[in-house]
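Reader: I have a model on my screen and a list of labels for it. Take me through what stands behind them.

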Amino acid sequence: LSTVNSVVKSNIKQFLKGYRMLTDRINIVDAFRVSVGINYSIVVYKGSNTADTLVRCTDTIRKYFNIDDWQINQPIIKDDLLVKIANVDGVQSVTTLTFVNKWQQQDGSDYAAYSYNLNSNTTDGIIYPSADPCIFELRYPQTDIVGTASQ
């Protein structure tokens with residue numbers, strides 16, 4: 001995800017002027033990025049390879065958060081992800097699934113520059129975005145997804 005420069009925004013606005021009604025107004029604004037991390041724990045069936053099952057679960061989460069499949073202001077529905085993890089071969093149950101906000105601190109990371117309180121914006125297992133244009137992202141799947149397993 002990246003922000004678009006003002007020249008591109010101006011060109012888009014100019015193009016859309018020919019298709020708008022007289023009373024319409026065109027505003028093109030950047031969406032805020034909210035970087036998230038996922039921590040999960042699973043119980044693996046006896047006889048299943050724990051490491052392989054964890055890799056498949058992590059890959060499932062990574063695919064779920066593929067940025068090409070997300071829309072601006074789309075909420076995160078925890079139960080959807082929970083079901084996807086539970087359907088992975090070798091998973092007996094998902095014991096925990098938590099989301100954490102990853103935001104840029106003084107370490108110079110490439111996360112979003114501000115924090116977002118995921119807990120206060122969660123209702124009935126759905127994490128809602130802010131009222132402003134907002135998109136959730138899994139910035140670094142290799143490190144932002146942390147899974148543990150037991151048998």
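Author: What follows is a set of questions on those labels, each answered from a predicted model.

Reader: Start with helix 2. How do you know that the span of helix 2 agrees with its 15 residues?

Author: Helix 2 covers residues 50-64. At 1.5 Å a residue, taken times one less than the number of residues, the expected span is 21 Å. The end C-alpha atoms are 21 Å apart, so the two agree.

Reader: Which residues of helix 2 are buried?

Author: Thr53, Leu54, Cys57, Thr60, Ile61 and Tyr64.

Reader: What puts them on the same side of helix 2?

Author: The arc. These residues cover only 120° around the axis, which puts them on the same side of helix 2. The face turned away from that buried side carries Val55 and Lys63, which are exposed.

Reader: What covers the buried residues of helix 2?

Author: The cover includes strand 1 (32-44), strand 2 (76-77) and helix 3 (78-86). Strand 3 (91-101) and strand 7 (145-150) belong to it as well.

Reader: What makes Asn49 a cap of helix 2?

Author: A side-chain oxygen of Asn49 lies 3.0 Å from the backbone nitrogen of Ala51. The cut-off for a polar contact is 3.5 Å, and 3.0 Å falls within it. Asn49 caps the N-terminal end.

Reader: On to the rings. How many aromatic pairs does the structure hold?

Author: Seven.

Reader: Why is the pair of Tyr64 and Trp70 called edge-to-face?

Author: The ring centres are 5.8 Å apart, and a pair needs them within 6.5 Å. The planes stand at 85°, and edge-to-face starts over 60 degrees, so the label holds for Tyr64 and Trp70. Both residues are buried.

Reader: Why does the pair of Phe65 and Phe99 get the edge-to-face label?

Author: Its centres are 6.3 Å apart and its planes are at 65°, so this pair is edge-to-face too. Phe65 lies in the loop between helix 2 and strand 2, and Phe99 lies in strand 3. The pair therefore ties together parts that are 34 residues apart in sequence. Phe65 and Phe99 are both buried. Tyr64, Phe65, Trp70 and Phe99 form one aromatic cluster.

Reader: Now strand 1. What makes strand 1 largely enclosed?

Author: The count of buried residues. In strand 1, 10 of the 13 residues are buried, so the rest of the structure largely encloses it.

Reader: Which strands pair with strand 1, and in what sense?

Author: Strand 3 pairs with strand 1 in the antiparallel sense, over nine bridges. Within that pairing, Gly37 has Val100 as its bridge partner. Strand 7 runs parallel to strand 1, joined by six bridges. There, Asn39 stands opposite Val146. Strand 6 is also parallel to strand 1, with four bridges. Val34 is the bridge partner of Phe136, and Ser35 stands opposite Glu137.

Reader: How do you know that both faces of strand 6 are covered?

Author: Look at each side of residues 134-137. Cys134 and Phe136 are on one side, Ile135 and Glu137 on the other, and all are buried.

Reader: There is a sheet of three strands as well. Why do strand 2 and strand 4 count as edges?

Author: The order is 2-5-4, the pairing is antiparallel and the sheet is open. Strand 2 and strand 4 (122-123) each have a single partner strand, so one side of each is left without a neighbour in the sheet. Two bridges join strand 4 to strand 5, residues 126-127. Pairing takes at least two, so strand 4 and strand 5 qualify. Thr123 stands opposite Ile126.

Reader: Last, single residues. Why is Asn73 called partly exposed?

Author: Its relative accessibility is 35%, between the limits of 20% and 50%, so Asn73 is partly exposed. Asn73 sits in the loop between helix 2 and strand 2. Its phi is near 70°, a positive value in a residue other than glycine.

Reader: What makes Asp124 exposed?

Author: Asp124 has a relative accessible area of 75%, and exposed means over 50%, so the label fits. Its place is the loop between strand 4 and strand 5. Asp124 has positive phi too, near 55°.

Reader: Why does Lys9 count as buried?

Author: Lys9 has 19% relative accessibility, and buried means under 20%, so Lys9 counts as buried. Lys9 is found in helix 1, residues 6-17. Leaving out residues up to four places away in sequence, Lys9 touches Val4, Ile28 and Asp30.

Conventions. Residues are numbered from 1 along each chain as its sequence is written. This is a predicted model: local features need pLDDT of at least 70, side-chain atom pairs count only at pLDDT 80 or more; totals for chains, interfaces and linings use all residues. Side-chain values use heavy atoms; hydrogens and water are left out. Buried means under 20% relative accessible area, exposed over 50%, partly exposed in between (1.4 Å probe, protein chains only). The arc is that of the directions from the helix axis to the C-beta atoms. Contact means heavy atoms within 4.5 Å. A polar contact is a pair of N or O atoms within 3.5 Å; within protein, one must be able to donate a hydrogen and the other to accept it, and residues adjacent in sequence count only if both atoms are side-chain atoms. Rings of Phe, Tyr and Trp (its six-membered ring) pair if their centres lie within 6.5 Å; planes under 30 degrees apart count as stacked, over 60 as edge-to-face and the rest as tilted.
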